[in-house]
Amino acid sequence: MPRTNSWSRRSTLRLVGATAGVALAAGCTEGTGDGEGEPDQDETDDTVTDEADEEDPDPPEDDEDEWEDVSTLEFEADTDGWIGIEPDPIEDEENPDIVLYEGREYEFRFTNGDGDVHNFALWDGSEPVAATEFLEDEGETETLVAEATDEVEQYLCETHPEEMAGAVELRAE
């Protein structure tokens, strides 16, 4: 089912991040100051630095190592969201963001966990790049083998695109 929202999740997150960055740079996030001059009494330069560090979008170094050898990703489909099964970085996470390396071939497996109609699709933000058949029976399993290309921005269930979607971070080899 095509998405009616022209904004991809990635585009929305970029806009929110950019807006937050501008607000932080302008000093508009805390206190009653005008963004110029000295910080408020309770605010120090360390506070601002700590807050910026917490929102740093760069993954930790060990996160990169966790995704380096991944070639299979497994999920359970539930109307409330995708539940990550493997690899370890997504285990038990709902609609986890995933990391793929451009040009590599991946196997995406999913099991229908609730008996509703589900499929697994890789999307570029407006249309599918690759997708499985739809499964209707609880316990049924389907596999999609696809290459990670620069088109891939997210994965989703085409029957439940709002509830069952996750972002794809594409990395260069």
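Me: Why does R104 count as buried?

Reply: Buried means under 20% relative accessible area, exposed over 50%, and partly exposed in between, with a 1.4 Å probe and protein chains only. R104 has a relative accessibility of 19%, so the residue falls under the 20% limit and counts as buried. This is a predicted model, in which local features need pLDDT of at least 70 and side-chain atom pairs count only at pLDDT 80 or more, while totals for chains, interfaces and linings use all residues. Residues are numbered from 1 along each chain as its sequence is written, and side-chain values use heavy atoms, with hydrogens and water left out.

Me: What makes the contact between E68 and R104 a salt bridge?

Reply: The term requires a side-chain nitrogen of Lys or Arg within 4 Å of a carboxyl oxygen of Asp or Glu. Here the N to O distance is 3.1 Å, so the pair satisfies the 4 Å limit. The partners are 36 residues apart: E68 belongs to helix α3 (residues 61-68), and R104 to the loop between β3 (98-101) and β4 (105-112). Helices (H or I, at least four residues) and strands (E, at least two) are DSSP runs, numbered from the N terminus. E68 has a relative accessible area of 35%, and is therefore partly exposed.

Me: How do you know that the charged end of R104 sits over the ring of Y101?

Reply: The rule asks for NZ of Lys or CZ of Arg within 6 Å of the ring centre and within 35 degrees of the ring normal. The charged end of R104 is 4.3 Å from the centre of the Y101 ring, so the distance limit is met.

Me: Why is the contact of R109 with E74 called a salt bridge, and which parts does the pair tie together?

Reply: The closest N and O atoms of R109 and E74 are 3.3 Å apart, and the pair therefore meets the definition. R109 lies in strand β4 and E74 in strand β1 (residues 72-78), so parts 35 residues apart in sequence are tied together. R109 is partly exposed at 25%, whereas E74 is buried at 19%.

Me: How many salt bridges does the structure hold?

Reply: The structure holds six. One of them joins E169 and R171 at 2.8 Å, N to O; E169 is partly exposed at 34%, and R171 is buried at 9%. Salt bridges with shared partners also join E74, E86, E107 and R109 into one network.

Me: What makes the pair of W82 and F120 edge-to-face?

Reply: Rings of Phe, Tyr and Trp (its six-membered ring) pair if their centres lie within 6.5 Å; planes under 30 degrees apart count as stacked, over 60 as edge-to-face and the rest as tilted. This rule yields nine aromatic pairs. The centres of W82 and F120 are 5.3 Å apart and their planes stand at 70 degrees, so the pair is edge-to-face. W82 is in strand β2 (residues 81-86) and F120 in the loop between β4 and β5 (121-123), 38 residues apart. Both residues count as buried, W82 at 0% and F120 at 1%. F75, W82, Y106, F108, F110, F120 and Y155 form one aromatic cluster.

Me: Which residues touch the most other members of the largest nonpolar core?

Reply: A nonpolar core is a set of buried Ala, Val, Leu, Ile, Met, Phe, Trp, Tyr and Cys residues joined through side-chain atoms within 4.5 Å. Of the 26 residues in the largest such core, L73, F75, W82, I98, F108 and F120 touch the most other members. β1, β3, β4 and β7 (141-147) each supply at least two residues, and the largest share, four residues, comes from β3.
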